[in-house]
Structures are given as C-alpha cells and as structure tokens.
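Student: Please take a close look with me at the contacts between side chains. I would like to see how they connect one part to another.

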Amino acid sequence: MKNHLIIGLGGTGGKIIREFRKSIFREYNDINPNDVGVGYIYLDSDNRMMNDDDPDWKILGRSVQLGKDSRVYISSAKLVDYLDNIDNYPWIKPWIGNKKFWNDILNSIQDDAAGGQKRRLGRFLFASNPNEFIHALKKQKSKLTEKSQESDVTFHICAGLAGGTGSGTIIDVISQIRQRYTPKDNIKYKILLYVLLPDVDPPSNWDTGNYHANGYAAFVELNSLSVGHFKPYDITGQGNRVNAFEPFNGCYLFTNQNERGIQIDVEETVPQVMAEFLYEKIVSTNNIAWHSLDRQENAENGDNTPESGERSKRFLTFGLKKLAIPEIEIREYLTFNYAQQACNQMLYNNWNDESGYLGEGKNTDFNEIVQQKETLLNWKMTDEHLILSNGILESDVKNKKWTPINVYWATIMPSIKKTIKEDTKNGRDWLDELTKICVDHFENRYRGLGVKNFYSAKEDAKADIANEIITEIQSRLFDDFKTGTKSLYEIHKILESFIKYSRERYTGFGAIKDKLIQEEQQVEERLDRIKEIWQKTKILFIKRNKLFDRYTFLCQKLYTLRTKIEGYAFASLLMNTVTNKLDHLVSDIQKCISIFNNAAEDLDDNIANRVLDRSTPDFKNQLVKFYEPDKVKRTVKELITDQSEQRKQTNGVRTSILSSFYNDPSFAKFSERMISSNLLDMLQTKCDQNAEIAHSNLIISKDDKILGMSIIEKLMIRYHNSDNELRKYITNLVDYAGVYVHFDSQEVNMSGPGVPDADTCVSYFTVILPRANERYNEFVDKLKTIFTESTTLSVDFIESDIKPNEITLISITNLFPLRFVSQVKMLRDKYKLRLNKDESDKARLHLHLEEDGTQHPPLYLKSVNEVEKEKRRYKEKSIIYVLMAKALGMIEEATNIETGEKTISVIVTKESGLEDDPIALGSDFLKANERISNEGIYTKLMNSVKRAINRDYVHIDSKNKLKKEIISIVKSVKEERGGSSQDIIYRRFNNAANEIIEKILKIK
C-alpha cells in the first residue's frame, strides 16, 4: 500500500482535502478505509473551515471533518511582540523587513486570523509557531508508515496562490518537508505541488490589492527554489538557511478554464476537480503501476534541465473529464426522496397511493377528537379532574383517603345519621345535630382541611397541577408522535382545537356554577320546609324517621353542591392556567413544525436539482453523465409509493431520530436539539442506509436497477450496433477534455539564447477504464481503439477495480517553464502594475517572503535590448575584478601551440580551495572585461577575487602592498595607451582602481 500525505494550505487547500475525503467516503462509507494509505494536514490562518460542526464537511448527514491532529491553525496574538523584540527571534529577523511597514499590516488583521493577501504576513504567522506543523507532519508520516509498513511517502501540497496563507507558506512547507525527508537509499520522498492560479476575473470582494500580484511573486520564488537559487531562511530556528536538493518533483498548475475555453466555478468546482485528480492518482490506481505518470511527475520523460539554469521545467498541468453513470447523484436523489417521505410522515402522516406520504395535512374533525370522553379522561381534563373531584397530582391520586366529591358526601352521611340516632336521646334534636356535623365536615374536615381551605391550598398549587396536566397531555401526544400514530401537524391541530374547546369550557364554568347555586337555593328551601314540619308536635315515630332520612339526603346533596361550587370556582382558575401553558406547548410544536418545514424545503431543493432531464449530453461539463433520468425517476417512484416499504422505513427513521427522547418526551427539547441541520443530517444518514437496502432487496430485475451499474455494459447496450455513433460520442468527449491552463504559443515557439533545443510541453493521455467482465472484452478493445484514434497523443490505458460506473480521461502536459503559461503573463502585468503604485518598497514586502524579489532569476527571457544592456552592465562592473585579478596574480598567460596566439585567463578557486574551470579573457588584457558579459561569469569572477582578498589581504600592510600593485598596473595601462590622461580605456581602469582602493580595500 502506497503512502500519501495531502497537505492543504489556506482555504483552497482545505477545500481540496474536504472534497477528497467526501470522495473517499462515498466509495468506502468510511473516512479512513484500511486499504488506502492517506494522511492529511490542513494549515490555515482562518479557522472557519476547521469547526467540528462545519456543515460543508458533511455528506448525506455524516461529517468527514479532519481530526484535530490534522488541523493546524496558524495564528498569533503576539506578532507585535515579535517585532518589538526581534533580536530574540533570529529565525525571523533576517527576512522580516522594514518594521515601519508592519504597523498598517498588523492593524489590518481582524482577530489575528488571516494572511490578508499579504504573503510575508502569511509567512510571519507561520514562523511565529511552526512547531505545530512540524509535529503534525511527523505524526501523520509515522501513522502512514506504521500502518503500511512501507517507508516511501508522497507529499501532495495543495494551495491557491492568490491569498496570503497558501501563497505565503508554500515555500517554507516545501523546505521543511524536504529538509526532513530527503530521498536516499531507495526511499522515495516525492513532493508534488498543486497550485491554483488567481483567476482573471475574481468574484466580487476577493481582490483586496495583491490578488494577482501574489500569484506572480509566488511563481518567481517557486521557480527560484526549484533551480536552487532560493535558499530560504529556516523558520524553525534549526539553521540559517534551508538548502533543499530537488525541493519538489513537480508542480501542477491549475486555472478555472481549460485550453478549450471551458470555464468552471472557482469556489466550488475547482476544488472538486483537483480532489478528483488526486483521487484518481491515489485511490483509483492505488495498486496499479502508472509508469508514465511517475516519469512525468519526476520530469524523467525528457530534458528536465532548467532554461539557462534560471527557469525550471518542473511544472505540469492536467485535464480531467469523466464519463459516468452519475451514481452519486442517483443515490442522493433516492436518499433525498426517502428522507422526504420520512419528513412528510412525521410532519403530516398523510398517505397517498400515487405519491406516497404527502407534504400536506389530511382533512380531519379535530374538534370531535378533543371532546371525546376518552381524550378528556386520558388528559385529566374532565370536569371531575378540574374541580379536583378526582386527583391530578400523583400524591393525590395515590392518596387512599381521597374520594370523589359525590362519593365523599355519599359515604359519610349514612354514618353521621346512624351516630346521631344512637347518641342523641332527644329525637327533636336530630336535625340540628346533623346540620352541625355537616357544617363541621364542610368547614374543617373535608380532606383534612375543609372545603374552602382545601381549594385555597390547591389554588396555591394550581401551577403544579397545571404542569401535571400539560405533562400528561404532552407525554401522550409525544408517544403518538413516536409511534407514528399522529403527525406534528395533527398534534398541532388537536391542541389548537383543544385550546379553543378549553376556553369555551372556561366560559361555561361560570354558568355551571350559577346553576349549582340555584340548585343549592332550591335544596335549602326544601330543607327549611322539613324543619317546619319537624317542629310540629306529636309527630309519629315512623314519620319522624322518614323526615330525618329525607333531611339527610338533602343535606348530602346540599354539601355536594356547595363543594362543587367551590370546585368550579377553582376549575376556572386552573383552566386559565392550563390554557396559557397549552399556548406555550403549541409554540414548542410550531417550532418543531418549522424545523421540519425547513428540512422539507431543503429536501425539495435537493431533489429538484438532481436527475435533471437532458436530451443531449453536455460535453462541456467536467462530468459527462451517461444514464436515463426517466428510468431513475420511475424506479424511485416505485419505491416511495410502496406503502409497506415506506411504513417500515419511516418507522425506522422516526425511531432513530426519537430514540434519545424516550425518557424525556418534550417537544421543547426536541426543537432545541433538532435544529434544521441536525434533523437533515439524521434524515439523510438513516435514509441513505434505508434506500440502499431497499434498492438491493426490492429492485429484482437487473434492467430496473439504478445503482451499482457498469458503464462498460451500458455503453455496449447503447452502441452495440452503432460503431459510428460510439466513435462520434467518444471523439466529442476527448475533444472537450483539455488541460486547465492556456499556453502562449509565442513563448512556446520562441528560440534564441537561453532556449534549449530539447522538447518541451510533452503531453500524455490516460484513460482509466473500470475492469469489466470478460464477456465485454471485445467491446473494451473497440473502445480502446476509438480512444487511441481520437487524439494525436500517445494513450495509456489503465484498468481499475474501483468505480465500475465511470471512465476517467486524464491529460497531462509537463516539462515547461512558467513563461509558457498565458495566465502567468497576465499575473506578471498585474504584478508590475502593483509595484508601479505608490510605496513600491512596501508592496514588495507584502508580496515577497524575503528581500524585494529582485534577487530571483527572471521567469521570462530577456529581449535583445535587455540582453545587450545587461552585457554592457556586466562589462562595466567586471573591470574592477579583472584589475584585481591581475593585481592578485590570478591571471595566467599562455600561448596556443598551433596558432602562436597569446591567451589570458583567470585561475578561479572554489570555496574548498580547489581550482575551478578558468575564465577565458581573450588575448588582450585591456579588453578582457568585454568577455565578462553575463551574470554567471561575473559572479564566478567576483566570488573568487573576494575569497582571495578575505583570505590573504586582511592586514593593512598586505592591503597597501596590493594598492601599490594596482596603481602600477594602471600606470602601465596609461603608458600602453600612449600616456594620455584622457584616454577612455585608461580612465576606466583608473576609476576602477579608485573604487577598489576606497570601497573594497577601504584605504584612504
């Protein structure tokens, strides 16, 4: 298993990693499959994409976010402290630049969290704490090699070059990796770069001043690094400069427009395409030898030496196009339809045989439901409950002494009557005694308090009683919701109807109380008549007993009425409290409905944007879809209108979503937890599983299946008798596949000094075919022939066991210098424009990581005028070192044996002290400087002379001795030129001598 470490720098790098991990998850249903050796590091100065709950990292409800050990957030609140104490930071001081330019830069940082399109600021943020990246690098590398038991690792560094972070850290990331992992002893540590060029017309507000100039400055430094000219300071403080041999094997360039002029979206599609390219290289061909790619990425398929030693040819570009049955889209379409069914069931529970669960409620008489005796009894909302004839609170229900009002008075009256008869000797006193005892029970003994005191106490507890009722109502409704018996819409309508009914009852309680008072008065009148009769003398014993029985019955009725009158007075208060709390419950349910409605809208949009009908294929798209949308829609409709299947799958989804609420049935807490994104995640996750299982189990016929299909088989079925149509289709596909840069034909075809004759822009075309069944061999051979004949490039065919539903076309062009790319010329023009504005020095500090950028080799060939001007400059500058070489005895004269001509040359020594190749100066010392006409020879001469001075002429006496020798040579020149002080050549040597004595030897 090969090891790959993908390192994303800045926002673009992070998006590429995100899309790559989504591709991994789609294929394996796992973020870290065992047979794929991939590690990740995402480095950024903006942590918005690093949040654990970032919805953009989700796919069908599941997150593919990186672990914390793969996220490196470079931020520092102490940048000002670094500047104020710069001597304490020797790894920053040499390159940080002029401190006065940094005040505006640091003041522009918001929350110290972004590179702000200033490359040196991005580097400063990185350099303030590079150890976190180094730690992540070592850890990820170790995890890979331990898992695979292989030592080789390929480092893939992805970045956009327009911003401050990706563009500002890429040089140091390359250097730090190469410093630690240098290829040796057959261990290959390849470093590949994938860089996005700033687009010509960026979206609004993307360009804050350095957008395009950053790209050019980054290219200047990448090129300089590649040719070994740029040795950046070591930002880890482990050394002075990093001298990395072959810092990177290849650098892929990528724009948002391919060579055919087809443009793609920068923010979304570009990261997807780059991630797909990585996926094909790393996953699809994981166990397959792709030799042509290896050679291209290491520039081994041609002459990889830099132009003039200055312009690297380690740059590549690629194009990618897929022909596929869009299984991801089809699966998402099926999943979203299943999720929509589950959402509609929980929201409305309205089944229709033609459409499945509808997104609307069904017509129901909810008023009848809420007025049913069973409903009121279950919800503890009967009159008997509200007047507290029956207990509501658990303590009251369990109280064995608690009896309903009618039962209470009906139970005690016989006992009272019997006691009075037995204990009261004078029969005429029975009525008075009965009245007195009833009053005592009513005022003092009813439920241990007396009626009025009992209701007074319960009035203080009415909030608790109301809460008990609401809890009971909510618990039963939530149970109905969990079991699927009632939907949120139905529950909401039930409660609305119940509140309306409760308010009507509240109004009616006053009328009931008035009626009871009238009955109370009638009973009192009847009792008074009995008392009048009772007071008459000579009442027979039998008649007295009958009157007493009648009086006892009326007293029972009287005090039952009086108790209920107090009960209904309390019920009015309780009903008002319950109704107010029901309003809150309805509000909670409305929130739940709103969450489901939002989810339903998202699902509707997702469904509408997938499996769109297209009469003809769109070859301009990066993904060319090969399928039958109508067939997909028919199959999906069959599944969602299968009532048995949908009842089963929606029950499963509902159970999964509500499983955590079994011990806490609350619509309020449900709405708190089920924000729209969470609900969507849960719906999609569960329904993705349900849809896949249903497709496998219910779609029996192979012809009806819409997932797990072979593109080879489908192509053969479509074109088995139409070779010409197949050829036309494939040719169109290949024609629209092109690399994602434009080449400048003028630069490509340029010839002259510094332009080698070796081939450049070498291109290959690769077709990755899914491994097909042997019975398709003849058709596969036909496909290969057509692909080969559809392009002038040599074609590689690779067969992969991954993704049977797609064919991938990849074109790669390598071995070109950056000047070949049209977009780089645009960046150069923007770069020059940026420098021509005010404060050029400040702009250079923004754009370049060290110094002002002029120290790097140019990316473009010099014009004839520039070449001649440069030659003149080096000729003029070199006379100083030619004169010094003469004085130092470094010039050697020789005679050509064959021609007899005299030749002179400078004997050059290396730093080691050994001789280097001599510098030929012709035959005339006075014209020797004319031979020093380029930077390479000039630098070689200058360094050799300076080494001799620093080695042998430190002491003042030796310097004075050298001064005399220089003066002597100049006098000889004057004599040779005829002794005139105005001679031009003499003046040049004389002026050179003055500069040597004053500025180099520093002798006054």
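Tutor: We will go through ring pairs, then charged pairs, and finish with a helix and a small sheet.

This is a predicted model, in which local features need pLDDT of at least 70 and side-chain atom pairs count only at pLDDT 80 or more, while totals for chains, interfaces and linings use all residues. Residues are numbered from 1 along each chain as its sequence is written, and side-chain values use heavy atoms, with hydrogens and water left out.

Let's begin with the rings. A pair of aromatic rings is described by the distance of the centres and the angle of the planes. Rings of Phe, Tyr and Trp (its six-membered ring) pair if their centres lie within 6.5 Å; planes under 30 degrees apart count as stacked, over 60 as edge-to-face and the rest as tilted. Across the whole structure, a search finds 50 aromatic pairs. In one of them, the ring centres of tyrosine 194 and tyrosine 252 are 5.2 Å apart and the planes are at 10°, so this pair is stacked. Tyrosine 194 belongs to strand β7 (residues 189–196) and tyrosine 252 to strand β8 (residues 250–254), so their contact ties together parts that are 58 residues apart in sequence. Helices and strands here are DSSP runs numbered from the N terminus (helices are H or I with at least four residues, strands are E with at least two).

Are these two rings buried or exposed? Buried means under 20% relative accessible area, exposed over 50%, and partly exposed in between (1.4 Å probe, protein chains only). Tyrosine 194 has 1% relative accessibility and therefore counts as buried. Tyrosine 252 is buried too, with a relative accessible area of 1%.

Now for another pair. Tyrosine 348 and tyrosine 489 have ring centres 5.5 Å apart and planes at 55°, so the pair is tilted. It links distant parts of the chain, 141 residues apart: tyrosine 348 is in the loop between α11 (327–347) and β10 (351–352), and tyrosine 489 is in helix α20 (residues 488–535). Tyrosine 348 counts as buried at 15% relative accessibility, whereas tyrosine 489 is partly exposed at 22%.

Rings can also join into a group: Trp402, Tyr408, Trp409, Phe442, Tyr446, Phe454, Tyr455, Tyr559 and Phe570 are linked by ring pairs into a cluster.

A ring can have a charge over it as well; this is counted if NZ of Lys or CZ of Arg is within 6 Å of the ring centre and within 35 degrees of the ring normal. Arginine 241 lies over the face of tyrosine 233, at 3.8 Å from the ring centre. Arginine 828 lies over the face of tyrosine 860, at 4.2 Å from the ring centre.

Next come the charged pairs. Side chains of opposite charge can pair when their charged atoms come close. A salt bridge is a side-chain nitrogen of Lys or Arg within 4 Å of a carboxyl oxygen of Asp or Glu, and the structure holds 60 of them.

Let's return to helix α20. Glutamate 496 and lysine 493 form a salt bridge at 3.9 Å, N to O. They are three residues apart in α20, which means about one helical turn separates them. Glutamate 496 is partly exposed at 35% relative accessible area, and lysine 493 is partly exposed at 29%.

Further along, arginine 562 and glutamate 520 meet in a salt bridge of 2.8 Å, N to O. Arginine 562 lies in helix α21 (residues 541–608) and glutamate 520 in helix α20, so this pair ties together parts that are 42 residues apart in sequence. Glutamate 520 is buried, with a relative accessible area of 13%.

Salt bridges form a network too, linking Glu307, Glu310, Arg311, Asp744, Glu747, Arg819 and Lys825.

Here is the helix I promised: 14 of the 16 residues of α7 are buried, so α7 is largely enclosed by the rest of the structure.

Finally, the small sheet. Two strands pair if DSSP finds at least two bridges between them. Three strands form an open sheet in the order β16-β17-β18, with antiparallel pairing. Its edge strands are β16 and β18 (919–920), each of which pairs on one side only. Five bridges join β16 (residues 891–895) to β17 (residues 902–906).
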